[in-house]
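Please open the structure in your viewer and keep the selection tool at hand. This tour moves from one stop to the next, saying what to select and what is there.

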Amino acid sequence: MSLTLCVLLWARPGAEDGLIAYENKVLDLVPGHGGRVLQRARGGGADGQPLEIQLLEFPSAAALDAYMKDDRRTSLAAERDRVIARTDVIQVQLVSGPA
């Protein structure tokens, strides 16, 4: 059963470009685990809003787990901690708009 995730990311102050660069690196790993980056969107990151919003899809919980444990991803943990202040992950179901 596939999983669709909405990921909300907040940058540490002054680390907005670093967050984007980090996410570019780790999201490049998603297809190698059978996943897809459905959409990325950016806000201003001000007033408590996230800087980046992502919709990701993985074919299974095992595929997501393999992505999360990927050595190439985990080796970037220090960079992640330096640039990302907060991450919220919500499992969602996509719905189409009115016909």
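What follows is a walk through a predicted model, taken one selection at a time.

**Strand S3 and its partners**

Begin by selecting strand S3, which covers residues 52–58. Its residues fall on two faces: Glu52, Gln54, Leu56 and Phe58 make up the covered face, while Ile53, Leu55 and Glu57 make up the uncovered one. Now add strand S1, residues 3–11, which is joined to S3 by 7 bridges and runs antiparallel to S3. If you look for Leu3, you will find that Leu3 stands opposite Phe58 in S3. Next add strand S2, residues 36–42, which also runs antiparallel to S3 and is joined to S3 by 6 bridges. Here Arg40 is the residue that stands opposite Gln54 in S3.

**Two residues in the strands**

Stay in strand S3 and select Gln54. Is Gln54 buried or exposed? Its relative accessibility is 2%, and because the limit for a buried residue is under 20%, Gln54 counts as buried. Leaving aside neighbours within four places in sequence, Gln54 is in contact with Leu5, Cys6, Val7, Leu9, Glu23, Leu27, Gln39 and Arg40. You can also draw a distance from the C-alpha atom of Gln54 to that of Leu38, where the separation is 7.5 Å although the two residues are 16 residues apart along the chain.

Then move to strand S1 and select Thr4. With a relative accessibility of 9%, Thr4 counts as buried. When residues up to four places away in sequence are not counted, Thr4 touches Leu38, Leu56, Glu57, Ile90, Gln91, Val92 and Leu94.

**Rings and charges**

Now show the side chains of Phe58 and Tyr67, both of which are buried. A pair of aromatic rings is described by the distance of the centres and the angle of the planes. The count for this model comes to 1 aromatic pair. In that pair, the ring centres of Phe58 and Tyr67 are 5.5 Å apart and the planes stand at 35°, so the pair is tilted.

Keep Tyr67 on the screen and add Arg73, whose charged end sits over the ring of Tyr67, 5.3 Å from the ring centre. For another arrangement of this kind, select Trp10 and Arg86, where Arg86 lies over the face of Trp10 at 3.8 Å from the ring centre.

**The largest pocket**

If your viewer can display pockets, turn to the largest one, which has a volume of about 230 Å³. The pocket is lined by 17 residues, and those closest to its centre are Val7, Tyr67, Met68, Arg73 and Val89. Which elements give two or more residues to this lining? They are S1, helix H1 (16–27), S3, helix H2 (61–69) and strand S4 (84–92). Of these, H1 gives the most to the lining, with 4 residues.

**A last stop in a loop**

Finally, select Asp47, which lies in the loop between S2 and S3. Asp47 counts as exposed, because its relative accessibility is 77%. Look also at its backbone: most residues other than glycine have a negative phi. Asp47 is not a glycine, and yet Asp47 has a positive phi of about 55°.

Notes
Residues numbered from 1 in each chain as written. Predicted model: local features only at pLDDT ≥ 70, side-chain atom pairs only at ≥ 80, totals over all residues. Heavy atoms only, no water. Phe/Tyr/Trp six-rings, centres within 6.5 Å; stacked < 30°, edge-to-face > 60°. Buried < 20%, exposed > 50% of the residue type's maximum accessible area, 1.4 Å probe, protein only. Lys NZ or Arg CZ within 6 Å of the ring centre and 35° of its normal. Pairing = 2+ DSSP bridges. Contact = heavy atoms within 4.5 Å. 1 Å grid on protein atoms, 1.4 Å probe; cavity = no way out; pocket = protein on both sides within 12 Å on 5 of 7 lines; lining within 4 Å. Points joined across faces, edges and corners; volume = space filled by probe spheres on them.
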